[in-house]
Amino acid sequence: MSKFLCDRMLGKLATWLRLFGYDTLYAGDLEVEGDEDFFLINEFRDRILLTRDKELYNRAKGLRPVFLIKSDRLEGQLRELKALGIRFELKMDRCSVCNTPLRKPTREEALEVMKREGIKEDLAEKFDLWYCERCKKLYWMGGHWKNMKRFLNELERDN
Ligand SMILES: [Zn+2]
């Protein structure tokens, strides 16, 4: 399964790749000292660098795996990724915020998050829950999940 490194202009795309289960780093989350272009060209070479910067793309080509994204809209960007064989399948594999693999929460962890965020306690009875131990965040396939599915279905249909 491909792994990715997204440049600073592709934060939204990074979020979606994580929702599809792909291990994806986002330049905006990394502590880059000095020249970011140099960093993106030379680090994490086991990942495909996704960039909207044509100059960066030309410099990185031949030195590391790199793919140029042309669209400035998320829908267009996702379609372009089809060339890389990306599958638009939502998975509860990783945190969309920080890329950490998700796991099932303990009862205590779930209750702690629900209390903090004012979520009703029957959430745990209605849905399977997943947990990011780094963000201390719960995930479940609720209304937000359905909206994302609809968005993806429309995207496939417009193709
Ligand atoms: Zn997280």
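Biologist: I started with glutamate 80; which residues does it touch, leaving out those up to four places away in sequence?

Modeller: Good place to begin! Glutamate 80 touches Ile69, Lys70 and Ser71. Please keep in mind that this is a predicted model. Glutamate 80 itself belongs to helix H4, which covers residues 74-81.

Biologist: Is glutamate 80 buried, exposed or partly exposed, and why?

Modeller: The general idea is to count neighbours: 20 or more other C-beta atoms within 10 Å make a residue buried, and 12 or fewer make it exposed. Glutamate 80 has 17 other C-beta atoms within 10 Å, so it is partly exposed.

Biologist: And how far is glutamate 80 from leucine 5, in sequence and in space?

Modeller: The two are 75 residues apart along the chain, while their C-alpha atoms lie 16 Å apart. For a view of the whole chain, look at contacts between residues at least 6 apart in sequence: 50% of them join residues at least 24 apart.

Biologist: Let me step back, then. How many helices and strands does the chain have?

Modeller: There are seven helices and six strands. Walking along the sequence, you meet them in the pattern β-α-β-α-β-α-β-α-α-α-β-β-α. The chain is divided into domain 1, residues 4-84, and domain 2, residues 107-157. Taken over C-alpha atoms, the centres of these two domains are 27 Å apart. The C-alpha trace of the chain spans about 55 × 40 × 25 Å along its principal axes.

Biologist: How should I read a sheet, and in what order do the four strands of the open sheet stand?

Modeller: In general, strands of a sheet pair through backbone hydrogen bonds, either parallel or antiparallel. Here the order is S2-S1-S3-S4, with parallel pairing. S2 (24-26) and S4 (66-68) are the edge strands; each has a single partner strand, so one side of each lacks a neighbour in the sheet. On average, neighbouring strands are turned by 20° against each other, ignoring direction.

Biologist: Over how many bridges do S3 and S4 pair?

Modeller: Strand S3, residues 48-51, pairs with S4 over three bridges. You can find one end of such a link at threonine 51, whose bridge partner in S4 is leucine 68.

Biologist: What lies across the sheet strands S1, S2 and S3?

Modeller: Helix H1, residues 11-19, does, and it runs at about 160° to S2.

Biologist: Which residues have the most contacts inside the largest nonpolar core?

Modeller: Look for Phe4, Cys6, Leu13, Leu17, Leu49 and Leu50, in a core of 22 residues. S1, H1, S3 and H4 each give two or more residues to this core, and H1 gives the most, with five. Cysteine 6 is a nice one to click on: its contacts include Leu13, Ala14 and Leu50. Another core lies apart, with eight residues, among them Trp130 and Leu138.

Biologist: How much of the chain is buried, and how many buried residues does H7 have?

Modeller: Buried residues make up 23% of the 159 in the chain. H7 is hardly covered, with zero buried residues among its 15.

Biologist: What span should helix H7 have, at 1.5 Å a residue?

Modeller: The rule multiplies 1.5 Å by one less than the number of residues. For H7, residues 143-157, that gives 21 Å, and the end C-alpha atoms are 21 Å apart, so the two agree.

Key. Residues numbered from 1 in each chain as written. Predicted model: local features only at pLDDT ≥ 70, side-chain atom pairs only at ≥ 80, totals over all residues. Domains from an automatic or database assignment. Contact = placed C-beta atoms within 7 Å. Pairing = 2+ DSSP bridges. Axes fitted to C-alpha atoms, helices over the stretch in contact; angles between N-to-C directions. Core = buried A, V, L, I, M, F, W, Y, C linked by C-beta atoms within 7 Å.
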